[in-house]
Amino acid sequence: MLELAAGLGDTGFLAAQRLGAQGRLLSTDLAPEMVAAARRRAAELGLENVEFRLVDASGIELPDGAVDAVVCRFGVMLVPDPAQALCEIARVLRPGGRAAIGVWAGAEHNDWMTAAGRSALELGLSERPQPNEPGPFRLADPMELRQLVEAAGLRVVTLENVPVHWRAGSVDEWWEVVLDMSRMLTTLVERLTPDQVGALRKGAERRLAPHVAPDGSLDVPGLAWALLAERPDGLSGS
Ligand SMILES: C[S@@+](CC[C@H](N)C(=O)[O-])C[C@H]1O[C@@H](n2cnc3c(N)ncnc32)[C@H](O)[C@@H]1O
């Protein structure tokens with residue numbers, strides 16, 4: 001099994017634990033730091049059936065039909081050309097092999113990630129991202145996702161909404177986490193005045209207010225899409 005854009009690798013590790021002694025996971029990411037962190041995590045978990053490699057999902061250095069399964073959570077939409085990444089996934093799958101792909105649903109369903117960015121937009125502190133720019137919501141449209149997967153030659157088995165919950169002890173904790181997660185937001189905040197940052201935070205907090213409990217903790221619902229696809233026996237070109 002191949003995991004692409006594995007980050008810390010936890011999604012693939014859940015699968016690796018089920019693969020048994022004969023099965024192997026190849027955990028990969030574009031960033032060497034991520035591959036190193038995933039390697040450390042696997043050691044902590046005592047996993048022995050995992051290999052690690054630097055892999056760009058745009059061009060997977062594996063032969064055609066090399067793997068039984070591919071998993072990629074919150075990665076395909078970050079590749080400059082997602083169509084190409086999906087073709088690569090189809091190519092490296094063996095006939096009958098399956099791919100599980102997770103992407104975020106629309107920004108409007110994911111206040112945790114978008115409250116600050118939308119506040120910045122509203123205040124004129126940042127520009128609206130181009131629709132085809134790589135980013136968390138690039139594949140939020142399930143029709144487009146399905147079309148791209150089918151165009152890559154895969155058959156869509158299921159395409160389902162997955163509700164998620166993001167939790168934090170306080171709004172301050174939320175702010176720390178989103179700054180840590182989003183380079184775009186960190187870069188923006190670094191070039192703003194303290195007053196502008198204050199206004200940005202206030203706007204974001206207004207958006208988050210419905211999700212703040214009386215004790216100040218946050219429980220923010222979010223939404224993702226989970227797609228399961230299969231490579232038909234007769235995929236051409238491989
Ligand atoms: C949002 S994180 C998701 C990590 C993990 N899959 C998870 O769900 O927790 C996105 C990951 O994609 C990786 N990435 C970005 N572009 C990539 C590419 N072209 N090929 C492979 N990995 C890529 C990043 O280095 C990062 O680790």
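Let's start at Phe-74, which at 25% relative accessibility counts as partly exposed. Keep in mind while looking around that this is a predicted model. Phe-74 sits in the loop between β4 (67-73) and α3 (82-92), and its backbone deserves a look: phi is near 55°, a positive value in a residue other than glycine. Most residues other than glycine have a negative phi. Ala-5 has a positive phi too, about 50°, although it is not a glycine. You'll find Ala-5 in the loop between β1 (2-3) and α1, and at 28% relative accessibility Ala-5 counts as partly exposed.

Ala-5 also takes us to the ligand. The ligand is surrounded by 14 residues, and the closest are Ala-5, Asp-29, Asp-56, Ala-57 and Arg-73. Sorted by class, that shell holds 10 nonpolar residues, one polar residue and three charged ones. So what does Ala-5 offer the ligand, a backbone or a side-chain atom? The answer is the backbone: an N or O atom of the Ala-5 main chain lies 2.8 Å from a nitrogen atom of the ligand. Leu-30 also uses its backbone, with an N or O atom 3.3 Å from a ligand nitrogen. With Arg-73 we switch to a side chain, where an N or O atom is 2.6 Å from an oxygen atom of the ligand. As for how much of the ligand is covered, on its own it has 600 Å² of accessible area, and the protein covers 77% of that.

Now for the aromatic rings. How many aromatic pairs does a search of the whole structure find? It finds five. One of them joins Phe-13 and Phe-52 in an edge-to-face arrangement, 6.4 Å from centre to centre with 75° between the planes. This pair links distant parts of the chain: Phe-13 belongs to helix α1 (residues 10-19), Phe-52 belongs to strand β3 (residues 50-54), and the two are 39 residues apart. Both Phe-13 and Phe-52 are buried.

Trp-104 and Trp-166 make another pair, this one tilted, with 5.7 Å between centres and 35° between planes. Since Trp-104 lies in strand β5 (residues 93-104) and Trp-166 in strand β6 (residues 155-168), the pair ties together parts that are 62 residues apart in sequence. Is Trp-104 buried or exposed? Its relative accessibility is 8%, so Trp-104 counts as buried, because buried means under 20%. The two tryptophans also bring us back to where we began: ring pairs link Phe-74, Trp-104, Trp-112 and Trp-166 into a cluster. Within that cluster, then, Trp-104 is buried, whereas Phe-74 is partly exposed.

What about the cysteines? The disulfide count comes to zero. Cys-72 is in no disulfide, and the nearest cysteine sulfur, that of Cys-87, is 14 Å away. Why is there no bond from Cys-87 to Cys-72? Their sulfurs are 14 Å apart, which is too far for a bond, because a disulfide here needs the two sulfur atoms within 2.5 Å. The surroundings of these two cysteines can be read off as well: Cys-72 is buried, with a relative accessible area of 1%, while Cys-87 counts as partly exposed at 38% relative accessibility.

To finish, here are a few residues to help you get your bearings. Ala-229 is in strand β7 (residues 218-230), and it is buried, with a relative accessible area of 0%. From Ala-229 to Gln-17 is 212 residues in sequence and 22 Å in space, C-alpha to C-alpha. Pro-163 lies in strand β6, the strand that also holds Trp-166. Pro-163 counts as exposed, at 61% relative accessibility. Pro-163 and Thr-28 are 135 residues apart along the chain, and their C-alpha atoms are 26 Å apart.

Gln-22, finally, is in the loop between α1 and β2 (25-29). At 77% relative accessibility, Gln-22 counts as exposed. How far apart are the C-alpha atoms of Gln-22 and Asn-49, and what is their separation along the chain? In space they are 8.1 Å apart, and along the chain they are 27 residues apart.

Technical notes: Residues numbered from 1 in each chain as written. Predicted model: local features only at pLDDT ≥ 70, side-chain atom pairs only at ≥ 80, totals over all residues. Heavy atoms only, no water. Near = heavy atom within 4 Å. Polar contact = N/O pair within 3.5 Å; in protein donor to acceptor, adjacent residues only side chain to side chain. Areas by Shrake-Rupley, 256 points an atom, 1.4 Å probe, with all protein chains shown as cover. Nonpolar A, V, L, I, M, F, W, Y, C, P; charged D, E, K, R; others polar. Phe/Tyr/Trp six-rings, centres within 6.5 Å; stacked < 30°, edge-to-face > 60°. Helix = DSSP H or I, 4+ residues; strand = E, 2+ residues; numbered from the N terminus. Buried < 20%, exposed > 50% of the residue type's maximum accessible area, 1.4 Å probe, protein only.
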